[in-house]
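Student: I have a structure open that I have not seen before. Can you walk me through it?
Tutor: Yes, ask away.

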Amino acid sequence: MNAIQVAHRETKNWADRVALMMVRLLRFGMDTATGYTHAKGSITPKRDPNQKALSQNRGWFAMNERKWLVRMLFLESVAGVPGMVAASVRHLHSLRRLKRDNGWIETLLEEAYNERMHLLTFMKMAEPGWFMKFMILGAQGVFYNSFFLSYLMSPRICHRFVGFLEEEAVLTYTRAIADIDAGKLPKWEKLEAPEIAVRYWNMPEGHRSMRDLLLYIRADEAKHREVNHTLGNLEQKTDPNPFVSEYEDPSRPHPNKSIDNIKATGWERKEVM
């Protein structure tokens, strides 16, 4: 999990550019709503008095434990929507056509459930106020319906959108981990993960800190990044889901459900078909 890296898939066509533009717009709104700000620059992985840490914000704009939790709660309340929407659309499409879905629905539902577990974990650490709940309600109403209509029109763009969104999630959690390592979040240095997280990820004794929890969640987001960028490369109606497929030569690198051999920018169609 420590090997997970921040990565970005370069846009290759107009559809990719549309997806990236929408993610940047959503990112701006989310940053504004949660009061998130972070200095640009390379990530400082460990506390080092001779280096400048990633967060150089001061005073009102400083990211503290409470602001990080608010951002993570809002992020996960949004992140749990795409997988469920995509799975429901593909489920109904399968019923209408009286044909199988080639394994996509299972992976999409797993993603939605995983994002929901992230949210439930953070809710054990901070109860959102009425204003945050109102914002989540409004954001979910707009985002769910927008994503539903978008998925009907172009599932490929939607999967690319989610891939770019998960890139931002990996970046966010990487920055939070860097802030812990830099000593900027002292309340989290000895904070234990909630019991719901310990059970869900089977966190071993001695590896149940807040930092360990963020490593698990970041690994999940990195997997979603890989999955959605890969699905965005496929023929949406005919190609099987490469993450649940069996391969003629299993010794060759190929997509799977674990974070082993993870490909941050997704697998190209020619690599998996």
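Student: Where is Asn261?
Tutor: Asn261 lies in the loop between α7 and α8, the latter being residues 269-272. Bear in mind that this is a predicted model.

Student: What about the phi of Asn261, positive or negative?
Tutor: Asn261 has a positive phi of about 60°, although it is not a glycine.

Student: And is Asn261 buried or exposed?
Tutor: Neither: Asn261 is partly exposed, at a relative accessible area of 41%. Buried would need under 20%, and exposed over 50%.

Student: Now Asn102. Which loop is it in, and what is its phi?
Tutor: Asn102 is found in the loop between α2 and α3. Its phi is positive, about 65°, and Asn102 is not a glycine. With 34% relative accessibility, Asn102 counts as partly exposed.

Student: Stepping back, how many helices and strands are there?
Tutor: The protein has eight helices and zero strands. Read along the sequence, that gives the pattern α-α-α-α-α-α-α-α.

Student: How much of the protein is buried?
Tutor: Of its 273 residues, 49% count as buried. The protein exposes about 14500 Å², and carbon and sulfur atoms supply 57% of that area.

Student: What share of the contacts is between residues far along the sequence, 24 or more positions apart?
Tutor: Counting contacts with a separation of 6 or more, residues 24 or more positions apart account for 77%.

Student: Which residues touch the most others in the largest nonpolar core?
Tutor: That core has 62 residues, and Phe122, Trp188 and Leu214 touch the most other members. The elements that give it two or more residues are α1, α2, α3, α4, α5, α6 (195-201) and α7 (210-231). The largest share, 13 residues, comes from α2.

Student: What does Trp188 touch?
Tutor: Leaving out residues up to four places away in sequence, Trp188 touches Glu65, Trp68, Leu69, Met72, Ile180, Met210 and Leu214.

Student: Leu69 and Met210 caught my eye. What does Met125 touch?
Tutor: Both of those are among its contacts: Met125 touches Leu69, Leu191, Pro194, Met210 and Leu213, again not counting residues up to four places away.

Student: Where does Met125 sit in the chain, and how far is its C-alpha from that of Pro194?
Tutor: Met125 is found in the loop between α3 (104-123) and α4 (130-153). The C-alpha atoms of Met125 and Pro194 are separated by 7.4 Å, with their positions 69 residues apart along the chain.

Student: Why does Met125 not count as buried?
Tutor: Because its relative accessible area is 23%, Met125 is partly exposed. The limit for buried is under 20%.

Student: New topic. What is the volume of the largest pocket?
Tutor: The largest pocket has a volume of about 490 Å³. It is lined by 22 residues, and the closest to its centre are Met22, Leu26, Phe143, Ser146 and Phe161.

Student: Which helices supply that lining, and what classes of residue are in it?
Tutor: α1, α2 (65-97), α4 and α5 (155-181) each supply at least two residues. By class, the lining has 17 nonpolar, five polar and no charged residues.

Student: Tell me about Met22, then.
Tutor: Met22 is found in helix α1 and counts as partly exposed, at 38% relative accessibility. Its C-alpha atom is separated by 9.5 Å from that of Phe164, and the two residues are 142 apart along the chain.

Student: What about the largest cavity? What volume does it have, and what lines it?
Tutor: The largest cavity has a volume of about 60 Å³. Its lining consists of Val23, Arg27, Met30, Arg71, Leu75, Leu165, Glu168, Ala169 and Thr172. The largest share of that lining, four residues, comes from α5. By class there are five nonpolar, one polar and three charged residues.

Student: Arg27 is on that list. Buried or exposed?
Tutor: Arg27 is buried, with a relative accessible area of 16%. The residue lies in helix α1, residues 14-34.

Student: And what is Arg27 in contact with?
Tutor: Setting aside neighbours within four places in sequence, Arg27 is in contact with Tyr36, Arg71, Glu168, Leu171 and Arg175. Arg71 and Glu168 are also among the residues lining the largest cavity.

How values were computed:
Residues are numbered from 1 along each chain as its sequence is written. This is a predicted model: local features need pLDDT of at least 70, side-chain atom pairs count only at pLDDT 80 or more; totals for chains, interfaces and linings use all residues. Side-chain values use heavy atoms; hydrogens and water are left out. Buried means under 20% relative accessible area, exposed over 50%, partly exposed in between (1.4 Å probe, protein chains only). Contact means heavy atoms within 4.5 Å. Accessible areas come from the Shrake-Rupley method with a 1.4 Å probe; for residues, only the protein chains shown count as cover. On a 1 Å grid over the protein atoms alone, a cavity is a set of points where a 1.4 Å probe fits but cannot get out, and a pocket is an open set with protein on both sides within 12 Å along at least five of seven lines; lining residues have an atom within 4 Å of a point. Grid points are joined across faces, edges and corners, and a volume is the space filled by probe spheres set on the points. Ala, Val, Leu, Ile, Met, Phe, Trp, Tyr, Cys and Pro count as nonpolar, Asp, Glu, Lys and Arg as charged, and the others, Gly among them, as polar. A nonpolar core is a set of buried Ala, Val, Leu, Ile, Met, Phe, Trp, Tyr and Cys residues joined through side-chain atoms within 4.5 Å.
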